[in-house]
Amino acid sequence: MIIISDTSAITNLFQVGYLEILRKLYNEITVTPAVRRELYKIEQQQEELQKTNCIKTAYPKNDLLVNQILEDLDLDEMLS
C-alpha cells in the first residue's frame, strides 16, 4: 500500500508529539517535494522528520494529471 500525505497530517502529529504513530501504522509515507519544503520550514520538525527516516519524497509522474489538478487549486496551494 502506498501512503501519500499532505503537510497538515504530518505537522499536526508532530505538534502533539505523536509523529511516531506514522512509522507504527505505515512503514513508509510519500510526500511531494512541495510538501517536504513546507514540512522543513519548522526547524525542529525537520530534525525529527530526518530522524524518522520513514518519509520519502517522490516527484509526480503524470504531468497531465498534475496540470489538471493545478487548475483546481488556489494560489496558496500552488506556491507551496
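## Charge, fold and helix packing in a predicted model

The protein carries 8 positive and 13 negative charges, and the mean positions of the two sets lie 11 Å apart. The model is a predicted one.

**Overall fold**

Six helices and three strands make up the secondary structure of the protein. Along the sequence they run β-α-α-β-α-α-β-α-α. Taken along the principal axes, the C-alpha atoms fill a box of roughly 35 × 25 × 15 Å. The protein has 80 residues, and 24% of them count as buried. About 6200 Å² is exposed, with carbon and sulfur atoms supplying 53% of that area. Contacts reach across the sequence. Of those between residues at least 6 apart, 71% join residues at least 24 apart.

**Helix H1**

H1 covers residues 7-15, and its buried residues are Thr7, Ile10 and Thr11. Viewed down the helix axis, these buried residues fall within an arc of 95 degrees, so they line one face of H1. A general rule of helix geometry applies here. An α-helix has 3.6 residues a turn, so residues three or four places apart point the same way.

What does the buried side of H1 pack against? The partners are helix H2 (20-25), strand S2 (29-31), helix H3 (33-39), helix H4 and strand S3 (55-57).

The N-terminal end of H1 is capped by aspartate 6. A side-chain oxygen of aspartate 6 sits 3.4 Å from the backbone nitrogen of serine 8. Past the other end, just after H1, glycine 17 has a positive phi of about 80 degrees.

Threonine 11 is part of H1. Its relative accessibility is 10%, so threonine 11 counts as buried; the cut-off for buried is under 20%. Setting aside neighbours within four places in sequence, threonine 11 contacts Leu39, Ile42 and Gln45.

**Helix H4**

H4 spans residues 43-52 and includes threonine 52. Its buried residues are Gln45, Leu49 and Thr52. They cover an arc of only 55 degrees around the axis, which puts them on the same side of H4. On the other side of H4, Glu43, Gln44 and Lys51 are exposed. The cover over the buried residues of H4 includes H1, H2, H3 and S3.

**Threonine 52 and asparagine 53**

Is threonine 52 buried or exposed? It counts as buried because its relative accessibility is 7%, which falls under the 20% cut-off. Not counting residues up to four places away in sequence, threonine 52 touches Leu19 and Arg23. Threonine 52 and leucine 19 are 33 residues apart in sequence, yet their C-alpha atoms are 8.6 Å apart. The side chain of threonine 52 also has a polar atom 2.8 Å from the backbone oxygen of leucine 49.

Asparagine 53 comes just after H4. It belongs to the loop between H4 and S3. At 54% relative accessibility, asparagine 53 counts as exposed; the exposed class starts over 50%. Its phi is near 55 degrees, a positive value in a residue other than glycine. Most residues other than glycine have a negative phi.

**Isoleucine 21**

Isoleucine 21 lies in helix H2. With a relative accessible area of 35%, isoleucine 21 is partly exposed. Isoleucine 21 and alanine 58 are 37 residues apart along the chain, and 21 Å separates their C-alpha atoms.

**Accessibility by residue**

The table gathers the relative accessible areas of the residues discussed one by one above.

| Residue | Relative accessibility | Class |
|---|---|---|
| Threonine 52 | 7% | buried |
| Threonine 11 | 10% | buried |
| Isoleucine 21 | 35% | partly exposed |
| Asparagine 53 | 54% | exposed |

Technical notes. Residues numbered from 1 in each chain as written. Predicted model: local features only at pLDDT ≥ 70, side-chain atom pairs only at ≥ 80, totals over all residues. Heavy atoms only, no water. Helix = DSSP H or I, 4+ residues; strand = E, 2+ residues; numbered from the N terminus. Buried < 20%, exposed > 50% of the residue type's maximum accessible area, 1.4 Å probe, protein only. Contact = heavy atoms within 4.5 Å. Areas by Shrake-Rupley, 256 points an atom, 1.4 Å probe, with all protein chains shown as cover. Lys, Arg positive; Asp, Glu negative; His and termini not counted. Charge placed at Lys NZ, Arg CZ, Asp CG, Glu CD. Arc of directions from axis to C-beta. Polar contact = N/O pair within 3.5 Å; in protein donor to acceptor, adjacent residues only side chain to side chain.
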